[in-house]
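Here are a few notes to read alongside the model, written for someone opening it for the first time. Keep the viewer at hand and take the points in order.

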Number of protein chains: 2
Amino acid sequence: MTATPLPTIDDVAVAAGVSRQTVSNVLNAPDIVREATRQKVRDAIDALGYRPHASARRLRTQTSSTIGIRLGSLSRGGVSGAVLDRFLHALTERADSRGMRIMLFTAADEAAEIEQYRRLRDGADVDALVVTGTAYGDARLDWLADNGVPFVAFGRPWGSADLDDPRRPWVDVDGADGVRQATVHLAGRGLRRIGYLGWPDGSGTGDDRRSGWVAAMRELFGDDGAADADLEALTIRTEEGVAPARVELERLLAGGTELEALVCSSDSLALGAMMAVREAGHPKFPVIGFDNTPVAGAVGLSSVDQQLDQVALAVLDLLMGEHGRRVLNPDEIEGARHRLVTPKLIVRRSSHLAPVDEAGSTASGTNE
Amino acid sequence: MTATPLPTIDDVAVAAGVSRQTVSNVLNAPDIVREATRQKVRDAIDALGYRPHASARRLRTQTSSTIGIRLGSLSRGGVSGAVLDRFLHALTERADSRGMRIMLFTAADEAAEIEQYRRLRDGADVDALVVTGTAYGDARLDWLADNGVPFVAFGRPWGSADLDDPRRPWVDVDGADGVRQATVHLAGRGLRRIGYLGWPDGSGTGDDRRSGWVAAMRELFGDDGAADADLEALTIRTEEGVAPARVELERLLAGGTELEALVCSSDSLALGAMMAVREAGHPKFPVIGFDNTPVAGAVGLSSVDQQLDQVALAVLDLLMGEHGRRVLNPDEIEGARHRLVTPKLIVRRSSHLAPVDEAGSTASGTNE
DNA sequence: GCGAATTGTTTGAACGATCAAATCCGCGGT
DNA sequence: ACCGCGGATTTGATCGTTCAAACAATTCGC
């Protein structure tokens, strides 16, 4: 009843009447072995149910076919935590189709994360790492670049002097464009006083998103309606989270406002805002979020989708080349070392929490 | 500029003036090496920055210190998909503290999943697997049990004749108890006609949850108020999802109902119900969900939390023993081969979407 | 038809660790 | 002194694979 030992490459070799190496070649370089032999070996492989032992191969090739990614701590959950989770799904699927696997790890802080990088690298556990949640002057990217560990950041390395630095490859979502799409969409419905609800200045992502709104407003209404002062008046800043957004909007509504619609830098903020305006008796006040989290779908909130599948695809392209099946060394690279993915506005029309349609009609407008 | 080769155990041995094996012992069985030698070796390890090569160790020990888990396809996302994601977080953290890593994989269907199991097992990629989303007569569990692959299911193997079958270890959340807690909580606020909104009969999880409500109603109101017929009348069944729940409740409300509160088998259903009753002008109608997803927190929906961290802990206990640091063979086990985790009701009091407090007071009631 | 190039296959060595058995060492007992 | 004993340390073998070089079998050019 004890498990039978798994067949090794030698068992296959004997069964097929060839040598070890020939079996190995059938698996790794089929084109250099003669057709007849190849078939003979394949039959033996099938007959024995042979599978190469991954660890042995890794030891020999010094490669793991594995990509590591940190799964942040539970605490940081929140509504937006879902973005990382969905990225993870997409990455796992895309990686699988390239013969790669995803390994998770955790770390309490930046230092611990770098320590994990070191362990994973030294133990040859991973061929490359995916870094998320990049911040100004990210020490993790420096460490990885300095130590020659292949990686790609999801999120621009904002602090870096040169975004084109080939040593710091990245993929990011064009937040500015997403917010621009949302703004243009609202303007297309005849709205003019479109506000922006975002985070305090200083976060790369936040500033980028707001810039899309600023650009759209200028483009749409020119300098008369969208002078700096006007835009500043239409901007609301608050910390991330449903509650902060709601409190902030309640205060604003209490004081009276001319706002006609709101574009937000996250679904959390959008949801908080929606709850506040709804409470204040404006059932049709349009709000658009960012991230297209499940929550948005559930409550019918229009939102900008990050196209995480495209992001995952781009990450792998950067790590492995267009069609490669192994991670490339930093010096084997060619072409651009970064990719900006264009997000997509998802328009929803739930009439209960955020009806964005004009006067009861269910007419025109994109929908998914 | 090319990466310096990593130090091996031999380098350390030379530096410390001892043999390979002694270095190995310092790492794996420190107690059998003399104190003085141990320190000498430790110093050498630090000086060289040595880390054991994981693949080499795995090849020799035929062990991978890795647990595999399937990450379902993107499509099945929805609000409840978040449960798996949060479990994954918890599992990763708990596993890390036991020296284990989590490896992800995907599979389109059950057959493909079993094929992946085979690949992972044969390649010695994983020591054990965690199976989620168990269904009646789950072929995956049969395969794993038959092939002697260590695993634990998250979710009871409902179809199995014998839930105590030691060959099919499982961990699950006591859904019945969770729903019971929710029901008792509502009754404690003076409500009597507490309805149940759940899925169609036939799903193990769904039937289990409803049974908790049935038990609580009987216990609370005896046979007079909670005869089978009464309970049936208070039960609403619909497919999973926000929209189905909402439609169903709208229909119910249109026809008039005596319902005073609602306990639901998922947050999605609860959210749909909440939207419907709110729309119908019952801002204080209490609703309680299940799963405690981020959405629930965001909209202030009371919900039953699955205590996924406890689930993760139990999974590892079952796989590795109480304090072990390696996965045990199915025959090394002792004690119960399953664990039922008691969930915890999280009471929220957002007054906007589901105010459950009595007449404006913010008084008694547990909160987290 | 013979050496040279070409193609296909085999052989020894290595990857970096752990296991199992052998060796070394100090010490107490007769 | 000698033997035996037990703990500390070392030595040889091994895990399953791929690399690099050697070897065998064809084909090619003239």
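1. Begin with the surface near DNA strand D. In this predicted model, its residues divide into eight nonpolar, eleven polar and eight charged. Of the 27 residues around DNA strand D, the ones that come nearest are A:Ile9, A:Gln21, A:Tyr50, B:Thr22 and B:Thr37. On the DNA side, 59% of the strand D atoms within 4 Å of the protein belong to sugar or phosphate, and the rest belong to bases.

2. Three contacts with DNA strand D are worth finding in the viewer. A:Tyr50 places a polar side-chain atom 2.6 Å from a phosphate oxygen of the strand. With B:Ser19, a backbone N or O atom lies 2.8 Å from a phosphate oxygen of DNA strand D. A:Ala56 has a polar backbone atom 3.5 Å from a base nitrogen of DNA strand D. As for the elements behind this surface, α1 (9-16), α2 and α4 of chain A, together with α2 and α4 of chain B, give two or more residues to it.

3. Now turn to DNA strand C. Which residues come nearest to it? Of the 27 residues around this strand, they are A:Thr37, B:Ile9, B:Gln21, B:Ser24 and B:Asn28. Sugar and phosphate make up 58% of the atoms of DNA strand C that come within 4 Å of the protein. By class, the surface near DNA strand C consists of nine nonpolar, eleven polar and seven charged residues.

4. Chain B offers three side chains to look at here. For B:Ser24, a polar side-chain atom lies 2.5 Å from a phosphate oxygen of DNA strand C. B:Arg57 has a side-chain N or O atom 3.2 Å from a phosphate oxygen of DNA strand C. B:Arg20, in turn, puts a polar side-chain atom 2.9 Å from a base oxygen of DNA strand C.

5. Which element supplies the largest share of the surface near DNA strand C? That is α4(B), with five residues. At least two residues each come from α2 (20-28) and α4 (54-61) of chain A, and likewise from α2 (20-28) and α4 (54-61) of chain B.

6. Away from the DNA, have a look at how chain A is divided. The domain assignment gives domain 1 (66-168 + 308-341) and domain 2 (175-306). Taken over C-alpha atoms, the centres of these two domains of chain A are 30 Å apart.

7. How do the two domains of chain A meet? Twelve residues of domain 1 are in contact with 16 residues of domain 2. Between them, the domains bury about 1,000 Å², with 51% of it on carbon and sulfur atoms. One salt bridge is found across this interface: the side chains of A:Arg156 and A:Asp208 meet at 3.1 Å, N to O. Four residue pairs are in polar contact between domain 1 and domain 2 of chain A.

8. Last, consider the side of domain 1 of chain A that touches domain 2. α5 (81-96) and α14 (308-320) of chain A each supply at least two of its residues, and α5(A) gives the most, with three. The residues on this side of domain 1 divide into nine nonpolar, one polar and two charged.

Definitions and conventions
Residues are numbered from 1 along each chain as its sequence is written. Chains are lettered from A and ligands numbered from 1 in the order in which they are written. This is a predicted model: local features need pLDDT of at least 70, side-chain atom pairs count only at pLDDT 80 or more; totals for chains, interfaces and linings use all residues. Side-chain values use heavy atoms; hydrogens and water are left out. A residue is near a molecule or strand if one of its heavy atoms lies within 4 Å of it. A polar contact is a pair of N or O atoms within 3.5 Å; within protein, one must be able to donate a hydrogen and the other to accept it, and residues adjacent in sequence count only if both atoms are side-chain atoms. Helices (H or I, at least four residues) and strands (E, at least two) are DSSP runs, numbered from the N terminus. Ala, Val, Leu, Ile, Met, Phe, Trp, Tyr, Cys and Pro count as nonpolar, Asp, Glu, Lys and Arg as charged, and the others, Gly among them, as polar. Domain bounds come from an automatic or database domain assignment. Contact means heavy atoms within 4.5 Å. Buried area is the accessible area (1.4 Å probe) that two parts lose on being put together, summed over both. A salt bridge is a side-chain nitrogen of Lys or Arg within 4 Å of a carboxyl oxygen of Asp or Glu.
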